[in-house]
Amino acid sequence: MKTHTLNAVPPLIDPGLFFLRITGALLLFYVHGLPKVLHYSAELTRIEDPFGFGPHVSLLGAILAEVICPVLIALGVFTRLACLPIIVVLLVAMLAVHPGWSIAEGQFGWLLLIIFTTIALCGPGRWRIRTGGRA
């Protein structure tokens with residue numbers, strides 16, 4: 001026999017993950033990814049290259065993490081896998097490129113890292129485009 005509690009509200013996990021995926025992906029795409037695509041040549045002169053791969057490789061890696069991966073995450077397709085390049089780029093930015101930044105100066109980067117690590121841990125939820133896998 002099931003026992004029901006009055007005022008019991010089911011957790012809103014799926015809408016919450018959907019909201020987190022959409023808003024996090026849009027922020028990353030709009031603030032960081034889109035400018036890199038629209039101003040590719042100018043970005044080549046500004047991109048940091050902390051590991052010496054060259055500006056083209058560094059910029060293409062950033063575009064993968066900041067344009068392609070957010071689109072996949074927003075759709076809920078290969079979500080956990082798509083979070084990994086973002087997490088790597090954010091860790092490189094915060095720890096290697098801008099190690100002298102205070103928490104206040106780097107708060108946007110740290111918040112993005114929190115958002116995409118949470119999505120990587122929790123997955124996309126049920127509100128997503130279905131693929132063959134669980135991620």
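This tour proceeds through the structure by selection, from the whole chain to single residues.

**Before selecting anything**

The model is predicted, so to speak of a local feature requires pLDDT of at least 70 and side-chain atom pairs count only at pLDDT 80 or more, while totals for chains, interfaces and linings use all residues. Residues are numbered from 1 along each chain as its sequence is written, and side-chain values use heavy atoms, with hydrogens and water left out.

**The whole protein**

Display the protein as a cartoon. Its secondary structure consists of five helices and zero strands, and the order from the N terminus is α-α-α-α-α. Helices (H or I, at least four residues) and strands (E, at least two) are DSSP runs, numbered from the N terminus.

Next, show the surface. The protein exposes about 8,600 Å², of which carbon and sulfur atoms supply 72%; accessible areas come from the Shrake-Rupley method with a 1.4 Å probe, and for residues only the protein chains shown count as cover. Of the 135 residues, 32% are buried. Buried means under 20% relative accessible area, exposed means over 50%, and partly exposed lies in between (1.4 Å probe, protein chains only).

Contacts (heavy atoms within 4.5 Å) can also be considered along the chain. Among contacts with a separation of 6 or more, 65% join residues 24 or more positions apart.

**Helix 1**

Select residues 13-38, which form helix 1. What span should its 26 residues have at 1.5 Å a residue? The expected value is 38 Å, and the end C-alpha atoms are 35 Å apart, which agrees. The expected span of a helix is 1.5 Å times one less than its number of residues.

Centre the view on Phe29, where helix 1 has a kink of about 45 degrees. The bend at a residue is the angle between axes fitted to the seven residues ending there and the seven starting there.

Now colour the buried residues of helix 1: Asp14, Leu17, Arg21, Gly24, Ala25, Leu28, Gly33 and Lys36. They pack against helix 2 (40-46), helix 3 (55-75), helix 4 (79-97) and helix 5 (107-122).

**Helix 2**

Select Glu43, in helix 2. Is Glu43 buried or exposed? Its relative accessibility is 13%, so Glu43 counts as buried. Apart from neighbours within four places in sequence, Glu43 is in contact with Pro35, Lys36 and Leu59.

Arg46 also belongs to helix 2, but at 52% relative accessibility Arg46 counts as exposed. Draw a distance from the C-alpha of Arg46 to that of Leu59: these residues are 13 apart in sequence and 9.5 Å apart in space.

**Helix 3 and the loop that follows**

Select helix 3, which has 21 residues and reaches 29 Å from its first C-alpha to its last, close to the 30 Å expected. A kink of about 35 degrees lies at Cys69, shortly before the proline Pro70. Both Cys69 and Pro70 are among the buried residues of helix 3, as are Leu59, Ala62 and Glu66. The buried residues of this helix pack against helix 1, helix 2, helix 4 and helix 5.

Move to Gly76, just after helix 3, which takes a positive phi of about 80 degrees. Then select Phe78, in the loop between helix 3 and helix 4. Most residues other than glycine have a negative phi. Phi of Phe78, however, is near 50 degrees, a positive value in a residue other than glycine. Phe78 counts as partly exposed, at 45% relative accessibility.

**The largest pocket**

Which residues are closest to the centre of the largest pocket? Select Glu48, Ala62, Glu66, Val89 and Ala93, the closest of the 33 residues that line it. The space in this pocket is about 740 Å³. Each of helix 1, helix 2, helix 3, helix 4 and helix 5 supplies at least two lining residues, and helix 4 gives the most, with nine.

A pocket is found on a 1 Å grid over the protein atoms alone, as an open set of points where a 1.4 Å probe fits, with protein on both sides within 12 Å along at least five of seven lines; lining residues have an atom within 4 Å of a point. Grid points are joined across faces, edges and corners, and the volume is the space filled by probe spheres set on the points.

**Helix 5 and the segment after it**

Select Gln107, in helix 5, which is partly exposed at 46% relative accessibility. Finally, select Arg130, in the segment after helix 5. Arg130 is exposed, with a relative accessible area of 53%. Its C-alpha and that of Val77 are separated by 7.2 Å, although the two residues are 53 apart along the chain.
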